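I opened these notes to record what I looked up, beginning with one strand pairing and ending with the contact between the chains.

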Amino acid sequence: MTETTKTHVILLSCGSFNPITKGHIHMFEKAREYLHKTGRFIVIGGIISPVHDSYGKPGLVSSRHRLTMCQLAVQSSDWIRVDPWECYQDTWQTTCSVLEHHRDLMKRVTGCILSNVNTPSTTPVIGQPQNQTPPIYQSHNNMNHKPTAIKLWGKISESLGKICCVRPHVDRFTFVDENANLGTAMRYEEIELRILLLCGSDLLESFCIPGLWKDSDMEVIVGDFGIVVVPRDGADTERIMNHSSILRKYKDNIIVVKDATNHPMAIVSSTKSRLALQHGDGHVVDYLSQPVIDYILQSQLYINASG
Amino acid sequence: METHSITTVVLLACGSFNPITNMHLRMFELARDHLEDTGQYRVVKGIISPVGDGYKKKGLIEACHRLEMAKLATENSGWITVDYWESLQPEWVETAKVIRHHHEKLLTAEQNNDEVDTVKYTKKRRIEENYFEGSSHQKRRDSPQLMLLCGADVLESFGIPNMWKQEDIAEIVGRFGLVCITRSGNDPYKFIHQSDMLWTYRKNIHVVHRVGDQ
C-alpha cells in the first residue's frame, strides 16, 4: 500500500492527568505503534489536553501544575505535545467541543478539509477518500476518452494544492487526445487528515453509563471523529461496545489496540500514583517519570489524601 | 461554531534590529498566521520600532543606519512599516512607554478617520459622537488591539528581578497582549504557568512555535 492511501492521524487525549503517568505516555506510544502496524495510518502527532479546573473532581490539582507536569513528561518526545486550550477557557469544555476546536484549528492552519469518517464528499477536495471507481486520470487507457474532464480535474487540484500547506505529491503526465492535441494532466496525492480520540477502556466504559454523555456528543465523537482504545487491565472491550447502541452503530470507527493488556504499564494509574505519593511508596518511580516526581515534591502536591 | 466578533490587531516589535534580518520579518508572518488561524483575529498592521542610540548596547550601530536597513527590508511589504519615534527620543524609552505611545497613536488615527467624512456625513456623525460621549466603549471597540511581538527571551526576562516594573508587565500582558515566538517547544508555557502574573493573563499571551528554522 502506498503512502497516498494511508490516513494521517492526530491522536488527542483528554483527561485529568492528575498527575500524568508513564502509563499515559505508554498509551500514546502503543496506539501509534498499533496504528502503523495496521498499514492504514500514519500518526503525525499526539496531543495531551488536560481538563479544566472547574471539572470539579476531588483532589484535582490546579491546571497550572497539571500542565507543567504534562510538559515535563513529554519534553523528550518528538511527536507528543501538551495543549493548554481547554485549561485556558473560562469553564469546563466537553470532549466533543475539544475535538471540534482542534479540527477547526487544523482546518484553518492547513487549509485541508478534515474528513469525517462516514461522510463522503461530493466535491473533489484534498482529504476525501476515493472509495469508488478510481479517477479517470489514473488509467492511461481511459485518458483518450475524456480529455476535457482530466484537464478540469487538474485545474481544481492545482488551486486546492495552493491553499493546502500539506504539500501533496504531484504526478505530471502528458497525453494525446482524440484530436491529436498534446496535453498535460496532474494527479495529486490525496492527504486525509483525521483527529482520533485516544483513550483507555475506562472512558469507553463510561459511554455506557446512562446520562453521563449526551447522545448527540457521542454521535459526534464516535461517528464523526473516531476512537482509539488502549485497554488496560483485562477489560472486555467487545462486551463494552455491545452495551451501547451508539458504540455498536459505529463499531468500525473504534480501533482497539491489541496486546496492551499484559504490559507492566497496564497497571499504572494516576490514582495509584497519588496513593503512592501519600504513603511515601517507592513504587512511585515506576508510575511517574523523574522530572514529574521532582516537580511534585518541590511543589508539595498530592500530600493529603483526596480523590 | 464561531459567533464571536473578530478583533483587529496591530503587532509592535521593539528591539535593536542590529541589523534587521529575515527572521525578524518571518516573526511577523508567523505571528499573523497564528493569530488569524484561531479565527478570532485579523492582523492589519505590523510596526518595527528600532531602539534609539541611548540604549548603549555594545556593538549597537547608529539608529540612522538601523532604521534605513529596516526601511529597505520592508519597502515591499504591504503591512509592515518602520517607526522612527522611539529612535528619535534622546534617552532610552521603556518598552511599556513605547507601547503606550503607539496605542495613543492608533486611537488618534481612529478618531481622525471620522474627520475624513464629507460634509454631508459629518453632521450625522457629530450627533452620534455626542450620544456616545460618555462612554469610550465605541471607540475602543473600533480601534485595533495592539500586541507586543517578541521572542521567548523577552517573556522570560519578565522573571529577572528588577528588570521590569511589575505594573509594566501587568499592563503589557493585561491590557495589550503578547505574541511570543519560540523555537523551544513548550518552554514559554512552563514560564507562564510558574508566574502568578502571567498565569492570570495567560489568555493574552499567544505562543507561536517556530518550526524548521532556515
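**Sheet of chain B**

I started from a single residue: T7(B) has Y41(B) as its bridge partner in β2(B). I note here that the model is predicted.

I then looked up the whole pairing. Strand β1 (residues 7-15) of chain B is joined to strand β2 (residues 41-50) of chain B by 9 bridges, and the two run parallel.

Next I traced the sheet. In chain B, 6 strands make up an open sheet, and I read their order as β3-β2-β1-β4-β5-β6 with parallel pairing. At the edges I find β3 (80-82) and β6 (205-209) of chain B, each of which pairs on one side only. From one strand to the next, the twist averages 25°.

**Helices on the sheet**

I looked for helices packed on this sheet and noted two of them, α1 and α8 of chain B.

Helix α1 (residues 22-37) of chain B touches β1, β2, β3, β4 (145-151), β5 (178-182) and β6 of chain B. I record an angle of about 155° between the direction of α1 and that of β2(B).

Helix α8 (residues 166-176) of chain B touches β4, β5 and β6 of chain B. The direction of α8 makes about 125° with that of β4(B).

**Contact of chains A and B**

I moved on to the interface. How many residues does each chain bring to the contact? I get 16 residues from chain A and 15 residues from chain B.

The area buried between the two chains is about 1500 Å², and carbon and sulfur atoms give 46% of this area. Which three residues supply the most of the area that chain A buries against chain B? They are R64(A), Y88(A) and R108(A), and together they supply 50% of that area.

I checked charged pairs next. The rule finds 2 salt bridges across the interface of chain A and chain B. One that I looked up pairs D196(B) with R64(A), with the closest N and O atoms 2.9 Å apart. R64(A) is also one of the three residues noted above for buried area. For polar contact, I count 4 residue pairs between chain A and chain B, both residues at pLDDT 80 or more.

Last, I sorted the side of chain A that touches chain B. The elements giving two or more residues are α2 (63-74), β3 (80-82), α3 (85-88) and α4 (95-110) of chain A. The largest share comes from α2(A), with 5 residues. By type, I log 8 nonpolar, 4 polar and 4 charged residues on this side.

Key:
Residues are numbered from 1 along each chain as its sequence is written. Chains are lettered from A and ligands numbered from 1 in the order in which they are written. This is a predicted model: local features need pLDDT of at least 70, side-chain atom pairs count only at pLDDT 80 or more; totals for chains, interfaces and linings use all residues. Side-chain values use heavy atoms; hydrogens and water are left out. Two strands pair if DSSP finds at least two bridges between them. Helices (H or I, at least four residues) and strands (E, at least two) are DSSP runs, numbered from the N terminus. Axes are lines fitted to C-alpha atoms, for helices over the stretch in contact, and angles run from 0 to 180 degrees between N-to-C directions. Contact means heavy atoms within 4.5 Å. Buried area is the accessible area (1.4 Å probe) that two parts lose on being put together, summed over both. A salt bridge is a side-chain nitrogen of Lys or Arg within 4 Å of a carboxyl oxygen of Asp or Glu. A polar contact is a pair of N or O atoms within 3.5 Å; within protein, one must be able to donate a hydrogen and the other to accept it, and residues adjacent in sequence count only if both atoms are side-chain atoms. Ala, Val, Leu, Ile, Met, Phe, Trp, Tyr, Cys and Pro count as nonpolar, Asp, Glu, Lys and Arg as charged, and the others, Gly among them, as polar.
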